[in-house]
Amino acid sequence: MGKTGKKEGYTQKSVYPGITPQVASAGVQEALKVLEGRWKLMILFELFKGRTLRFSELERAIPGVSQKMLIQQLRDLERDDVVSRVVHQVVPPKVEYSLTSGGEELCPALDELLFWAQRWKGQPTSAE
């Protein structure tokens with residue numbers, strides 16, 4: 001509340017000409033489609049640690065995911081240019097995954113969403 005006792009509204013951070021509520025909603029919905037999938041957020045949070053992981057390392061880091069589902073989710077993230085896949089021509093094959101620059105830009109947004117979720121549920125955050 002401000003000094004007048006009136007409730008103040010949210011001031012949108014992305015103030016660009018032509019950004020209407022409809023355009024903003026459509027943009028956020030498109031971004032959320034990239035994150036749809038049971039395992040995508042877990043994959044991203046593993047890769048957010050700033051490292052390159054082999055497929056087997058990701059598989060071990062995410063309990064309960066099947067190989068088929070992990071492959072599918074990684075392919076989706078690669079298609080959306082969030083994750084990079086590098087195949088090394090060795091025997092046995094070595095495949096490594098890391099974040100693209102677009103994936104790295106996603107990290108702060110997901111951190112903010114996590115902090116909001118913790119506040120919303122009344123959980124303490126590490127920043128407190």
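**Close-ups of a predicted model**

**View 1. Phe 45 sits in helix H2, which covers residues 40-47.** Everything in these views comes from a predicted model. With a relative accessibility of 32%, Phe 45 counts as partly exposed. Look around Phe 45 and you'll find Leu 41 and Leu 114, which join Phe 45 in a nonpolar patch on the surface. Taken together, these three residues have about 220 Å² of accessible area.

**View 2. Helix H2 crosses helix H5, the latter made of residues 101-120.** Two numbers sum up a pair like this, since packed helices are described by the angle between their axes and the distance between the axes. Here the axes come within 11 Å and the crossing angle is roughly 115°. Angles of 65 to 115 degrees count as roughly perpendicular, so that's the label H2 and H5 get. As for handedness, H2 passes H5 in a left-handed crossing.

**View 3. Lys 33 and Glu 30 pair up in a salt bridge.** The closest N and O atoms are 3.3 Å apart. Both residues belong to helix H1 (residues 21-35), and they're three residues apart, about one turn of the helix. Lys 33 has 47% relative accessibility and counts as partly exposed. Glu 30, at 48%, is partly exposed too. This pair is one of seven salt bridges that turn up in a search of the whole structure.

**View 4. Asp 76 makes a salt bridge with Arg 79.** For this pair, 3.2 Å separates the closest N and O atoms. Once again we're inside a helix: H4, residues 67-79, holds both partners, three residues apart and about one turn of the helix from each other. So which of the two is buried and which is exposed? Asp 76 has a relative accessible area of 17%, and because buried means under 20%, Asp 76 is buried. Arg 79 comes in at 59%, past the 50% cut-off, so Arg 79 is exposed.

**View 5. Glu 96 and Lys 94 form a salt bridge, and a salt-bridge network links Lys 40, Asp 76, Arg 79 and Asp 80.** In the Glu 96 and Lys 94 pair, the closest N and O atoms are 3.6 Å apart. Glu 96 is buried, its relative accessible area being 19%, while Lys 94 is partly exposed at 27%. Over in the network, salt bridges that share partners do the joining. Asp 76 and Arg 79, the pair from View 4, are among its members.

Notes. Residues are numbered from 1 along each chain as its sequence is written. This is a predicted model: local features need pLDDT of at least 70, side-chain atom pairs count only at pLDDT 80 or more; totals for chains, interfaces and linings use all residues. Side-chain values use heavy atoms; hydrogens and water are left out. Patches are made of residues with over 30% relative accessible area and no salt bridge: like charges are joined within 9 Å, nonpolar side chains (Val, Leu, Ile, Met, Phe, Trp, Tyr) within 5 Å. Accessible areas come from the Shrake-Rupley method with a 1.4 Å probe; for residues, only the protein chains shown count as cover. A salt bridge is a side-chain nitrogen of Lys or Arg within 4 Å of a carboxyl oxygen of Asp or Glu. Helices (H or I, at least four residues) and strands (E, at least two) are DSSP runs, numbered from the N terminus. Buried means under 20% relative accessible area, exposed over 50%, partly exposed in between (1.4 Å probe, protein chains only). Axes are lines fitted to C-alpha atoms, for helices over the stretch in contact, and angles run from 0 to 180 degrees between N-to-C directions. Angles under 35 degrees count as roughly parallel, over 145 as roughly antiparallel, 65 to 115 as roughly perpendicular and the rest as oblique. A crossing is left-handed if the near helix is turned anticlockwise from the far one by less than a right angle, and right-handed if clockwise.
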